[in-house]
Amino acid sequence: MELVNSMMKTLNQWSRKIHRWLALPFALMVIALLLARDTSVGMALQRVQPPIMLAMVLTGGYLFLLPYLSKMQRGRRTAANARQRTDAVTGRSELRSMREAEKTR
Ligand code: HEM
């Protein structure tokens with residue numbers, strides 16, 4: 001679980017970094033596209049636009065989903081912790097490990 005969490009953290013940081021650093025060239029490209037529409041520069045820009053746009057949409061979409069994903073993760077963690085605590089208080093965890101031991105016998 002620790003590995004998944006640290007991988008998620010790296011992915012979150014990188015998607016934000018990529019989104020932020022592509023924002024400036026993307027904005028400049030849109031302006032240049034409007035100004036140089038019918039020139040050879042415009043044609044070349046039209047070819048590089050789709051991959052940059054795709055990267056913005058994918059990283060932006062991921063950033064949009066992030067709060068909901070972390071809420072889901074937090075909810076699952078809280079439920080698991082609560083179950084562990086109740087099991088410890090009610091002795092259910094011991095019962096469960098006895099049953100597991102019986103199964104493996
Ligand atoms: C194409 C679809 C796009 C989507 C779905 C999208 C979505 C998002 C989302 C959800 C965030 C995070 C907001 C938050 O943290 O609350 C964000 C941040 C940001 N977006 Fe976009 N965005 C898109 C395109 C763009 C474009 C075209 C630009 C600029 C040219 C841009 C510039 C930025 C910047 C500068 C941030 C702040 C990044 C940071 O936290 O360092 N985005 N975007």
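In which helix is the place of Met-53? Met-53 belongs to helix H2, and the views below set this residue in the context of the predicted model.

**Figure 1. Overall view of the protein chain in the predicted model.** The secondary structure consists of three helices and zero strands, and the order of elements from the N terminus is α-α-α. The C-alpha trace extends over about 75 × 25 × 15 Å along its principal axes. The radius of gyration of the protein chain is 25 Å, whereas a compact globule of 105 residues would have a value near 13 Å. Of these 105 residues, 1% count as buried. The mean pLDDT of the protein chain is 90, with 99% of residues at 70 or more. Among the elements, H1 has the highest mean pLDDT (94), and helix H3, residues 92-104, has the lowest (79).

**Figure 2. Close-up of helix H1 and its kink at Ala-23.** Helix H1 covers residues 2-35. Its 34 residues should span 50 Å at 1.5 Å a residue, and the computed separation of its end C-alpha atoms, 50 Å, agrees with this. The helix axis bends by about 35° at Ala-23, shortly before the proline Pro-25. The number of buried residues in H1 is zero, so this helix lies largely in the open.

**Figure 3. Close-up of the shell around the ligand.** Helix H1 and helix H2 (40-90) each contribute at least two residues to this shell. The surrounding residues are Arg-16, His-19, Arg-20, Ala-23, Phe-26, Ala-27, Met-56, Val-57, Gly-60, Gly-61, Leu-63 and Phe-64. By class, the shell comprises seven nonpolar, three polar and two charged residues. Ala-23, one of the residues surrounding the ligand, is also the site of the kink in H1.

**Figure 4. Close-up of helix H2 and its kink at Leu-66.** From first to last C-alpha, the 51 residues of H2 reach 75 Å, close to the 75 Å expected at 1.5 Å a residue. A kink of about 40° is located at Leu-66, shortly before the proline Pro-67. One of the 51 residues of H2 is buried, so the helix lies largely in the open.

**Figure 5. Close-up of Met-53 and Val-89 in helix H2.** Is Met-53 partly exposed or buried? Met-53 has 14 C-beta neighbours inside 10 Å and therefore counts as partly exposed, since burial requires 20 or more such neighbours. Val-89 is exposed, with 9 other C-beta atoms within 10 Å; the limit for this class is 12 or fewer. The C-alpha atoms of Val-89 and Arg-47 lie 64 Å apart, with a separation of 42 residues along the chain. For Met-53 and Thr-104, 51 residues apart along the chain, the C-alpha separation is 55 Å.

**Figure 6. Close-up of Gly-91 and helix H3.** Gly-91, just after H2, adopts a positive phi of about 80°. Helix H3 comprises residues 92-104. Its end C-alpha atoms are 19 Å apart, which agrees with the 18 Å that its 13 residues should span at 1.5 Å a residue. Why does H3 lie largely in the open? Of its 13 residues, the number buried is zero, so the helix lies largely in the open. The mean pLDDT of 79 for H3 is the lowest among the elements of the protein chain.

Key. Residues numbered from 1 in each chain as written. Predicted model: local features only at pLDDT ≥ 70, side-chain atom pairs only at ≥ 80, totals over all residues. Helix = DSSP H or I, 4+ residues; strand = E, 2+ residues; numbered from the N terminus. Rg over C-alpha atoms; globule rule 2.2 N^0.38 Å. Near = placed C-beta within 6 Å. Nonpolar A, V, L, I, M, F, W, Y, C, P; charged D, E, K, R; others polar. pLDDT = per-residue confidence, 0-100. Expected span 1.5 Å × (residues − 1). Bend = angle between axes of the 7 residues up to and from the residue.
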